[in-house]
Amino acid sequence: MNELILGIETSCDETGVALVRDGELLADVTATSMDEYARFGGIIPEIASRAHLESFIPTLDAALDAAGVELDDVGAIAVTAGPGLVGPLTIGMSAAKALALALNKPLFAVNHIVGHIAVDKLVNGGFPERFIGLVVSGGHSHLLKIGNIATDIEELGGTLDDAAGEAFDKVGRLLGLPYPGGPHVDKLAQQGNRHTINFPRGLSRGKDKARHQFNYSFSGMKTAVARYIEGCEARGEEIPREDIAAGFSFAVCDVLLEKAFSACQIFDSDTLVIGGGFSANSMLREMAAERGEKYGIGVRIPPIRYCTDNGAMIAALGWSLVREGVAESPLNVTVNTGLPREQIVLR
């Protein structure tokens with residue numbers, strides 16, 4: 001199989017287009033509208049949709065030029081069908097359908113969350129027969145048991161409220177940091193002591209842990225940070241921003257990894273693959289490496305450039321689907337903002 005796969009990602013505010021042939025990434029181009037949302041403190045779906053409209057053709061042309069190929073060379077088209085924001089998803093899906101129809105090529109409407117894991121295959125090679133996937137991003141925190149990235153995925157658990165990235169953005173706001181808060185909290189945490197303030201770990205003790213073995217909850221951690229800051233202000237004390245950032249980061253990473261490595265042990269997996277925007281977090285990477293060595297479990301995390309939303313992850317998943325002979329999606333397929341993690345491709 002030597003098909004050239006075109007991947008299109010528009011689930012939120014990044015317009016990503018990439019080209020993959022036989023497991024080799026030929027081009028990966030991303031246009032983002034992130035800077036436009038700093039004054040709002042979050043993504044504005046209508047602005048994101050308009051940005052995708054403006055960016056798609058230039059981004060596609062840039063990817064084709066970078067790969068040194070023509071549009072007619074494309075053998076299949078993969079596009080994010082969900083989860084995500086309905087407006088941005090619809091822009092990408094409409095573009096993908098138009099290209100599939102014009103080129104008379106198969107269309108694969110794929111799962112954004114699974115793409116965050118699939119992209120690691122482009123960097124670190126083939127996956128083992130079974131492994132655990134941890135996807136952590138701005139809006140998602142999920143544990144997946146994976147037998148085949150194209151055909152066999154079971155969701156073990158996910159977040160019941162705030163995802164890890166959302167909690168970081170909210171804590172960033174509490175600490176007076178710019179949007180998006182995640183990278184700024186990470187940088188601030190590097191200057192603090194993670195052991196000075198012990199923030200609670202949601203669903204990690206006693207009956208809560210038994211009932212929610214693989215589920216996450218980060219809303220309580222965020223609230224604990226808010227209460228701690230309020231206490232400092234009430235007492236007229238200086239707010240230890242660095243230690244708060246470090247303690248909060250440590251608590252989030254501790255819970256994420258405790259449950260992920262527990263899943264590896266329970267399901268006899270010697271590999272943990274971590275993906276998603278929050279997998280760029282420096283403390284998460286450091287702790288994952290340390291615990292992987294402790295438990296004898298290999299940890300794979302793509303380079304930071306592939307952690308945030310990008311076309312490469314969608315092209316990678318499309319390549320796996322074509323390679324496994326998975327049936328294509330019909331041209332009347334629609335987006336699904338709440339696409340289940342176990343549904344890899346829409347048909």
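Q: Where is the place of proline 330?

A: This is a predicted model. In it, proline 330 belongs to the loop between α11 (311-323) and β11.

Q: Is proline 330 buried, partly exposed or exposed?

A: A residue counts as buried under 20% relative accessible area, as exposed over 50%, and as partly exposed in between. Proline 330 has a relative accessible area of 31%, so the residue is partly exposed.

Q: Which residues does proline 330 touch, not counting residues up to four places away in sequence?

A: Setting those sequence neighbours aside helps to show what the fold itself brings together. Proline 330 touches Leu107, Leu346 and Arg347. A distance along the chain may also be set beside a distance in space: proline 330 and proline 106 are 224 residues apart along the chain, and their C-alpha atoms are separated by 8.6 Å.

Q: What is the order of the strands in the open sheet of six strands?

A: The order of strands in a sheet is read from one edge to the other. Here the order is β3-β2-β1-β4-β5-β11, and the pairing is mixed. The edge strands, each of which pairs on one side only, are β3 (24-32) and β11 (345-346).

Q: How many bridges join strand β2 to β3?

A: Strand β2 (residues 14-21) is joined to β3 by eight bridges, and the two run antiparallel. As one residue pair to find in the structure, valine 20 has leucine 25 in β3 as its bridge partner.

Q: Which way do the residues of β6 point?

A: One may sort the residues of a strand by the side to which they point. From β6, Phe131, Gly133 and Val135 point one way, while Ile132, Leu134 and Val136 point the other way. Residues on both sides are buried, and the count for β6 is six of six.

Q: With which strands does β6 pair, and in which sense?

A: Both a parallel and an antiparallel partner can be described. With β7 (141-148), β6 is joined by six bridges in an antiparallel run. Glycine 133 stands opposite leucine 144 in β7, and a hairpin of four residues makes the connection from β6 to β7. With strand β9 (residues 271-275), β6 pairs in the parallel sense over four bridges. There, valine 135 stands opposite glycine 275.

Q: How many bridges lie between β7 and strand β8?

A: β7 and strand β8 (residues 152-158) pair over six bridges in the antiparallel sense. Leucine 144 has glutamate 155 in β8 as its bridge partner, and a hairpin joins the two strands through three residues.

Q: Is valine 135 buried or exposed?

A: The relative accessibility of valine 135 is 0%, so this residue counts as buried. Valine 135 is found in strand β6 (residues 131-136). Beyond residues up to four places away in sequence, its contacts are Ile113, His116, Ile117, His140, Ser141, His142, Leu144 and Gly275.

Q: Where does glycine 139 lie, and is this residue buried or partly exposed?

A: Glycine 139 lies in the loop between β6 and β7. Its relative accessible area is 40%, so glycine 139 is partly exposed. Leaving aside neighbours within four places in sequence, glycine 139 is in contact with Ala163 and Glu166.

Q: What is the volume of the largest pocket, and which residues are closest to its centre?

A: A pocket may be described by its volume and by the residues that line it. The largest pocket has a volume of about 1000 Å³. It is lined by 35 residues, of which Met34, Ser137, Gly138, Gly139 and Asp169 are the closest to its centre. The elements that give two or more residues to the lining are α3 (112-118), α5 (164-174) and α6 (181-189). The most comes from α5, with five residues. By class, the lining has twelve nonpolar, 15 polar and eight charged residues.

Q: Which residues does the UniProt annotation "binding site" cover?

A: An annotation comes from a record and can be compared with the structure. The unreviewed UniProt entry gives "binding site" for Val135, Val136, Ser137, Gly138, Gly139, Asp169, Gly182, Asp186 and Asn281. From this set, the lining of the largest pocket takes in Ser137, Gly138, Gly139, Asp169, Gly182, Asp186 and Asn281.

Q: Where does UniProt place the feature "domain: Gcp-like"?

A: The unreviewed entry places this feature at residues 24-315. In the model, the span is 48% helix and 17% strand, and its end C-alpha atoms lie 10 Å apart.

Definitions and conventions: Residues numbered from 1 in each chain as written. Predicted model: local features only at pLDDT ≥ 70, side-chain atom pairs only at ≥ 80, totals over all residues. Heavy atoms only, no water. 1 Å grid on protein atoms, 1.4 Å probe; cavity = no way out; pocket = protein on both sides within 12 Å on 5 of 7 lines; lining within 4 Å. Points joined across faces, edges and corners; volume = space filled by probe spheres on them. Nonpolar A, V, L, I, M, F, W, Y, C, P; charged D, E, K, R; others polar. UniProt positions renumbered as here; feature names shortened; annotations may be inferred. Buried < 20%, exposed > 50% of the residue type's maximum accessible area, 1.4 Å probe, protein only. Contact = heavy atoms within 4.5 Å. Pairing = 2+ DSSP bridges.
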